Protein chains: 2
Amino acid sequence: MTAAAIAAGGDDFDQLARDAVYRAMFTRRDVRSHFVPDDLDDSVLARLITAAHHAPSVGYMQPWNFIVIRDPGRRREVRDLFLAAREQELPAIEAERQALYRKLKLEGICESALNLCITCDRQRSKDSPLGRWHNPEMDLYSTVCAVQNFWLAARAEGVGVGWVSIIETEALKQLLSIPEHVTPIAYLCVGRVSAFAPKPDLEAHGWGKRLPLPELVMSETFRGAGEAPLKSAIEHYGKLKIMSRG
Amino acid sequence: MTAAAIAAGGDDFDQLARDAVYRAMFTRRDVRSHFVPDDLDDSVLARLITAAHHAPSVGYMQPWNFIVIRDPGRRREVRDLFLAAREQELPAIEAERQALYRKLKLEGICESALNLCITCDRQRSKDSPLGRWHNPEMDLYSTVCAVQNFWLAARAEGVGVGWVSIIETEALKQLLSIPEHVTPIAYLCVGRVSAFAPKPDLEAHGWGKRLPLPELVMSETFRGAGEAPLKSAIEHYGKLKIMSRG
């Protein structure tokens, strides 16, 4: 791609290229069940981490680090943290959903090719916290943008990613020797998969449904009515998108 | 795309499609300076919001709402909040960088086609907080994933997005009538642009540099040495990427 193409203000993306970007988003899944035992090439993992490194960050802070975890013993210890956390979380779930909750597969820590912990160094811009004086959590959000870049790039590479959020943060920090001023944002299971499910697991298992998008759009203020043409356009695009699934 | 293609485990992305996904990430910018006065079609905005709605969310919570702000008067009020916040943030910046800070253009609130506030409803899964018992902030992170989807889709559509984080949250909530249990995550300036800058503004203006990525990669634990082949692969890919800029 030439600098002139970049300067053309977006015309560097033709219809096929735009479709590819949307396809990565619409077919990305939180993968727990479809990992295969194949190794993941370092050349592929390098591209995924480079994608993460090109996320936006507040004040160009780039607060992230990437801990690659391959050791089976350490991964079993992380899985034990997950299992303990799941038992602790269960009572918080509505009684009539607890049986379903127990059936859900919520991690692929040991069977994925590798694990990756993406962390946020809270002190990396401490002398010039541009954009963080009012909203100090912005560095956490920047790191989440890196996670999402990683996830989408992985989808385009045919690599599955699952985010394990049922885990006790302090125990994870201890296990991975993460210092006090660093926050683990995402613990990811990463690897080749046999398939990407056509729907999110939690939808397929009846845990939830995709919310009707027009109801989530508001005009000028929270709950503000209006934007009827935009809402119609959203419904129209939703129908097109379903049809194009073939 | 057929269901069979999706089930093929990523082979549905050929080299061109993969390149498009990376290109959106590598050429995405936090846009402040290049907005043009053109309207943004509702059909385009509908696609961007649909992309955001397909972000991952903890427990399939989908905690986001999208407030579209077009009114010039309201936007001027938001800009006043930014100007006040910038004055408050300035003393936190290192003395020798304050002159540069003042010169930076950090928002395009009034000159972009529209503004969009993406919010997080903290109570949307309150009866079954799957994945949030230990880490209640996960819903905020889900909403950030939606922001990043929006941003990347926008890049592929030739639409610029700038995230304004220098703003006092409570004042913004009051201005947009956002209720107590809802957190504004991102206030975005959105619109057609004359160009996407070849580098991030903060790099072009000497505020910061992109960090050397291999130094951010660790093995097994924080600061753990190792992963030499992966670090070499990252350096190799970085060189390829620079050459391909043409």
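This is a short chat about a predicted model, its chain copies, its cysteines and one helix pair.

Q: What kind of model is this, and how are residues numbered?
A: It is a predicted model, where local features need pLDDT of at least 70, side-chain atom pairs count only at pLDDT 80 or more, and totals for chains, interfaces and linings use all residues. Residues are numbered from 1 along each chain as its sequence is written, chains are lettered from A and ligands numbered from 1 in the order written, and side-chain values use heavy atoms, leaving out hydrogens and water.

Q: How does chain B lay on chain A?
A: A turn of 180° and a shift of 0.0 Å along the axis do it, with an RMSD of 0.0 Å. The two copies are thus related as by a two-fold rotation axis. Superposition is by least squares on C-alpha atoms of residues with pLDDT of at least 70 in both copies.

Q: Which C-alpha of chain B is nearest the axis?
A: That of B:Val21, 2.6 Å from the axis.

Q: New topic. How many disulfides over all chains?
A: Zero. A disulfide here is a pair of cysteine sulfur atoms within 2.5 Å.

Q: Why no bond for B:Cys110?
A: Its closest cysteine sulfur, in B:Cys189, is 8.6 Å away, too far for a bond.

Q: And what is the nearest cysteine sulfur to B:Cys145?
A: That of A:Cys145, 7.7 Å away.

Q: Is B:Cys145 buried or exposed?
A: Buried, with a relative accessible area of 1%. B:Cys110 is partly exposed at 35%. Buried means under 20%, exposed over 50%, partly exposed in between (1.4 Å probe, protein chains only).
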